[in-house]
Amino acid sequence: MSACATAVGAVWVACLVAASPEVRFLSLADAREALGAFGRSDNAPAWDAWVRAQDRKVRARIERGVEDSISNLILYGTSFTPLPRLESPEASATAAGELVEAARARVKAAAAALARPITNERLRFARDFLARRGVPLKDVEPFLAGNLIRFALEQRGYQEKLKSLRESGDPDRTLFEQSTLFDRRGLSVDTSLLPNYAIEDTLRAMLRKNALAPGSIRSIAVIGPGLDFADKRDGYDFYPLQTIQPFAVMEAVIRLGLGQPKLVTLDLNPAVNAHIQRMKAKGSPYVLQLPRDLAAEWTPQAIAYWQHFGELIGSPGASAATSKGLSVRAVTVQPKYLSLIEPLDLNVVAQVRDEEKFDLVVATNILVYYDRFQQALAMASISKMMNAGGVFISNTVLPAQRPTALEYLGRRYVTYSASGSYGDNVVVYRRK
Ligand SMILES: C[S@@+](CC[C@H](N)C(=O)[O-])C[C@H]1O[C@@H](n2cnc3c(N)ncnc32)[C@H](O)[C@@H]1O
């Protein structure tokens with residue numbers, strides 16, 4: 001099955017990651033526990049048709065994710081305009097659905113930049129997207145404005161839901177609802193550094209409690225590694241597109257003496273897979289830029305993580321130019337670590353890979369884009385891809401309807417900010 005053919009139906013990016021013969025759809029037998037838990041009794045033909053349709057439906061959400069990324073770029077980008085960044089998507093439109101003046105000015109600036117010859121990678125990505133959608137040059141500005149209004153109102157809806165959950169004073173319900181918050185949203189590629197701190201901190205805690213043995217991790221899967229395009233929280237665009245998580249997880253495992261592993265990335269977005277494939281093919285040192293917003297009040301532990309990031313797998317690199325209020329570290333990753341990463345096209349809520357089993361599986365900021373049944377299917381897929389004793393870590397609180405082969409080890413909150421308001425709930429499972 002070709003990711004390129006199914007992703008958006010038309011030409012996407014150069015599809016460098018071939019469809020893998022090792023990847024197959026979840027069978028009725030794979031899904032049986034999840035189906036039973038959710039009161040479904042499909043027969044094999046009905047299931048086979050459903051899971052294929054499900055795969056197409058999920059992949060169709062990538063397009064909306066690209067639209068969201070373009071809106072983030074318009075709100076926060078500094079590579080195409082000196083206009084001040086906006087505070088948040090919600091601040092860019094009124095409740096009545098009108099763009100505020102500052103957002104209108106940014107849309108105009110982006111449309112003007114898109115009309116000029118482009119060297120900027122992100123703008124090129126946006127222009128290719130607009131061309132695929134058949135948006136003529138004269139309509140680029142209204143298209144971007146409409147897209148931004150849609151995005152802003154959607155974001156406002158999420159903020160309001162979160163606020164009312166917090167006010168409900170019911171922490172269990174809040175956790176439950178939060179963990180499927182984006183189940184209708186576009187599939188974005190956003191990524192940032194700190195969820196990786198939560199993973200390393202969790203692995204360290206497990207090691208301390210003898211829940212993990214030194215040298216026990218030989219192969220890792222990172223599901224949904226992401227691409228730093230214009231992150232929804234910080235949205236920086238003053239450096240080239242980059243993926244961070246594969247390096248972060250590999251380094252955490254090395255730092256903690258858990259192994260010298262190889263790593264497979266499993267993602268359904270062709271742009272993510274192609275980026276990783278190109279990075280490997282180039283073989284030249286890969287430079288990661290790690291911005292830290294000084295006003296974000298990271299904890300000393302999070303700052304120490306940022307300061308030491310990359311010292312085992314790379315060396316200090318040249319930081320990209322930056323602005324006041326931001327500190328940037330750059331790390332040049334050694335080519336040998338690029339060669340240990342293998343990208344694979346896989347939709348974890350519909351597909352599985354039998355070939356190789358993993359000792360550590362990481363999936364952060366991805367399962368929140370799915371409903372409870374899809375999350376249960378993802379757990380069935382993940383469980384099948386793990387070695388006995390292997391560990392699965394996520395920052396989404398997942399349904400109790402999990403495969404019996406996955407033992408729930410617990411949940412811990414890792415805070416990134418001194419106030420405790422910014423952090424992740426990390427859940428850990430072990431494959432029996
Ligand atoms: C929001 S990004 C998170 C990136 C990174 N894990 C992090 O925490 O910073 C979500 C990533 O998961 C991928 N993704 C979303 N749904 C997926 C699915 N069903 N199967 C595999 N990858 C998926 C997206 O393409 C993207 O790369």
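Visitor: What is the handedness of the crossing of helix 8 and helix 9?

Guide: The crossing of these two helices is right-handed. Do keep in mind that this is a predicted model.

Visitor: Why are helix 8 and helix 9 called roughly parallel?

Guide: Helix 8 (residues 194-208) and helix 9 (residues 245-255) pack at an angle of about 20°, their axes being 10 Å apart. Angles under 35 degrees count as roughly parallel, so helix 8 and helix 9 are roughly parallel to each other.

Visitor: And what makes helix 4 and helix 6 oblique?

Guide: Helix 4 (residues 101-115) packs with helix 6 (residues 140-167) at an angle of about 135°, and their axes are 9 Å apart. Roughly perpendicular covers 65 to 115 degrees, and roughly antiparallel needs over 145. The pair is therefore oblique. Helix 4 passes helix 6 in a right-handed crossing.

Visitor: Let's turn to the ligand. Which residues come nearest?

Guide: Of the 22 residues around the ligand, those are Thr191, Gly224, Asp267, Thr364 and Tyr370.

Visitor: What makes the approach of tyrosine 370 to the ligand a polar contact?

Guide: An N or O atom in the side chain of tyrosine 370 is 2.7 Å from a nitrogen atom of the ligand. The cut-off for a pair of N or O atoms is within 3.5 Å, so this pair counts. For asparagine 347, a polar side-chain atom lies 2.8 Å from a ligand nitrogen. With leucine 346, a polar backbone atom is 3.4 Å from a nitrogen atom of the ligand.

Visitor: How much of the ligand's accessible area does the protein cover?

Guide: The protein covers 99% of the 600 Å² that the ligand has on its own.

Technical notes: Residues numbered from 1 in each chain as written. Predicted model: local features only at pLDDT ≥ 70, side-chain atom pairs only at ≥ 80, totals over all residues. Heavy atoms only, no water. Near = heavy atom within 4 Å. Polar contact = N/O pair within 3.5 Å; in protein donor to acceptor, adjacent residues only side chain to side chain. Areas by Shrake-Rupley, 256 points an atom, 1.4 Å probe, with all protein chains shown as cover. Axes fitted to C-alpha atoms, helices over the stretch in contact; angles between N-to-C directions. Helix = DSSP H or I, 4+ residues; strand = E, 2+ residues; numbered from the N terminus. Left-handed = near helix turned anticlockwise from the far one by under 90°.
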